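User: Could you walk me through reading a few features of a structure, one at a time? I would like to begin with pairs of charged side chains.

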Amino acid sequence: MEEKLMRKLGSGSLDFDAYFSEKAKAMKASEIRELLKLVESGDVISLAGGLPAPETFPVETIRKITAEVLTSHADKALQYGTTKGFTPLRLALAEWMKNRYAIPTSKVDIMIVAGSQQALDLIGRVFINPGDVVVVEGPTYLAALNAFKYYDPRFISIPMDDEGMKVELLEEKLEQLRREGKKVKFVYTVSTFQNPAGVTMSLERRKRLVELADEYDFLIVEDNPYSELRYSGEPIPPIKHFDDQGRVLYLGTFSKILAPGFRLGWITGSPHFIRKIEIAKQAVDLCANTFGQVIAWKYVEEGYLDEHIEEIVEFYRPRRDAMLEALEEYMPEGVRWTRPDGGMFIWVTLPEGIDTKLMAEKAIRKGVAYVPGEAFFAHREVKNTMRLNFTYVPEETIREGVKRLAQVIEDEMKALRG
Ligand code: PMP
């Protein structure tokens, strides 16, 4: 629709593209969004999205709190706020993080942002000079790559296994860079139930990463939207917990534990860093949505958040189980996948030689969509992987989707064998 309109309006003489900045010219639409457009039509089961299930949105609670806020706090809720965020919310979050993650909040500051996505962009603004080395996981969160890319870093991608980023490989890289007289600016990690791979960085690796940060003098950006969605296994402290130097910037978000529509997240770190990020945010949007912040404050303060987390965990666990069971039942020999204890995604690796991007259209024709893995790698170095989401559709649909997908993969493997 948009493209049609653009073509129609663009048929005049104005060369629209010529007006864009060089940076804008280099921007590309997210492939996931492009793919999802295809899925909207017809009987396609989408395991491609990354959305929470709308049935989980705490609508009644939000209705109740909103009425209270309009009755008692309208003066603040409907006014501009400070860039750093609504103070009662910041304090409530500090308390919540201290209780939940044992993050000692006395040495850190908290700033409210318009979703953790905004924090990623602000971090790019504040820390990345062109050519600075930014280490990411391979695979990593696609929209973080896109946010950082704007500031022209040099990405180094560190492979992962079931225990997250292979920190020993990072160490080799750090040594190599040191020999070249270079340093890493920061390591970006989605430490728990990673998007896209679903894996969690082990405790040992977390501690080692912090030691390396001290030894080689770099920062760590820990992006943690999923750790509350734990369906099995024991909780593990965030990397931020082990940070006594103030090297870790920790990102949290309400998107998966309240609703993404609020566009509210937070960033926790040393006051010195937060101050600069705050100045950067001032120029971007003055402040995050104040109305939402006041609602979110009540939601945390009155204990709804913890209750809701318990509910969504119960809601999603059967979906995670259904996908794991269906993969076990239907996938042909030679296909591997991760077994996440939480989050929203499972990462599937097909035999070498299969290009999941080329296969995606065939899958859609057979009625199932996934996200090809290539775009999650900083250098697009891997072609035979895909991300599957298990939170959005019900169990039976997940089973049917995986069954269809297994058939497509089997056909592809047959074709590959000739
Ligand atoms: N980081 C990661 C790893 C994510 O998966 C997402 C959401 N898909 C975000 C950040 C952005 O979340 P928010 O809605 O808080 O901007």
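Analyst: Gladly. A salt bridge is a side-chain nitrogen of Lys or Arg within 4 Å of a carboxyl oxygen of Asp or Glu. Side chains of opposite charge can pair when their charged atoms come close. Searching the whole structure finds 37 salt bridges. Please note that this is a predicted model, where local features need pLDDT of at least 70 and side-chain atom pairs count only at pLDDT 80 or more, while totals for chains, interfaces and linings use all residues. Residues are numbered from 1 along each chain as its sequence is written, and side-chain values use heavy atoms, with hydrogens and water left out.

User: Which parts does the salt bridge of Asp152 and Lys23 tie together?

Analyst: The two side chains of Asp152 and Lys23 meet at 3.3 Å, N to O. Asp152 lies in the loop between H8 and strand E4 (154-161) and Lys23 in helix H2, so the pair ties together parts that are 129 residues apart in sequence. Helices (H or I, at least four residues) and strands (E, at least two) are DSSP runs, numbered from the N terminus.

User: How is Arg205 classed, buried or exposed?

Analyst: Buried means under 20% relative accessible area, exposed over 50%, and partly exposed in between (1.4 Å probe, protein chains only). Arg205 has a relative accessible area of 11%, so it is buried. Its salt-bridge partner is Glu168, at 3.9 Å, N to O. Because Arg205 lies in helix H10 and Glu168 in helix H9 (residues 167-179), the pair ties together parts that are 37 residues apart in sequence. Glu168 is partly exposed at 43%.

User: Which residues are joined into one network by salt bridges that share partners?

Analyst: Those are Lys64, Glu68, Lys298 and Glu302. Within this group, the side chains of Lys64 and Glu68 form a salt bridge of 3.7 Å, N to O. Lys64 and Glu68 are four residues apart in helix H4 (residues 59-72), so about one helical turn separates them.

User: Now the backbone. Where are the cis peptide bonds of Pro139 and Pro196?

Analyst: As a general idea, most residues other than glycine have a negative phi, and most peptide bonds are trans. Here a cis bond joins Gly138 and Pro139, with omega about 5°, and another joins Asn195 and Pro196, with omega about 15°. Pro139 sits in the loop between strand E3 (133-138) and helix H8 (142-149), and Pro196 in the loop between strand E6 (184-189) and helix H10 (203-216). For positive phi in a residue other than glycine, look at Arg263, near 50°, and at Leu286, about 65°. Leu286 is in the loop between helix H11 (271-285) and helix H12 (290-301).

User: How many residues surround the ligand?

Analyst: A residue is near a molecule if one of its heavy atoms lies within 4 Å of it. There are 13 around the ligand, and Ser116, Asp223, Tyr226, Thr253 and Ser255 are the closest. For atom pairs, a polar contact is a pair of N or O atoms within 3.5 Å. A ligand nitrogen is 2.5 Å from a side-chain N or O atom of Asp223. Ligand oxygens lie 2.5 Å from such an atom of Tyr226 and 2.8 Å from one of Asn195. Taken alone the ligand exposes 400 Å², and the protein buries 90% of that; such areas come from the Shrake-Rupley method with a 1.4 Å probe.

Technical notes. A polar contact is a pair of N or O atoms within 3.5 Å; within protein, one must be able to donate a hydrogen and the other to accept it, and residues adjacent in sequence count only if both atoms are side-chain atoms.
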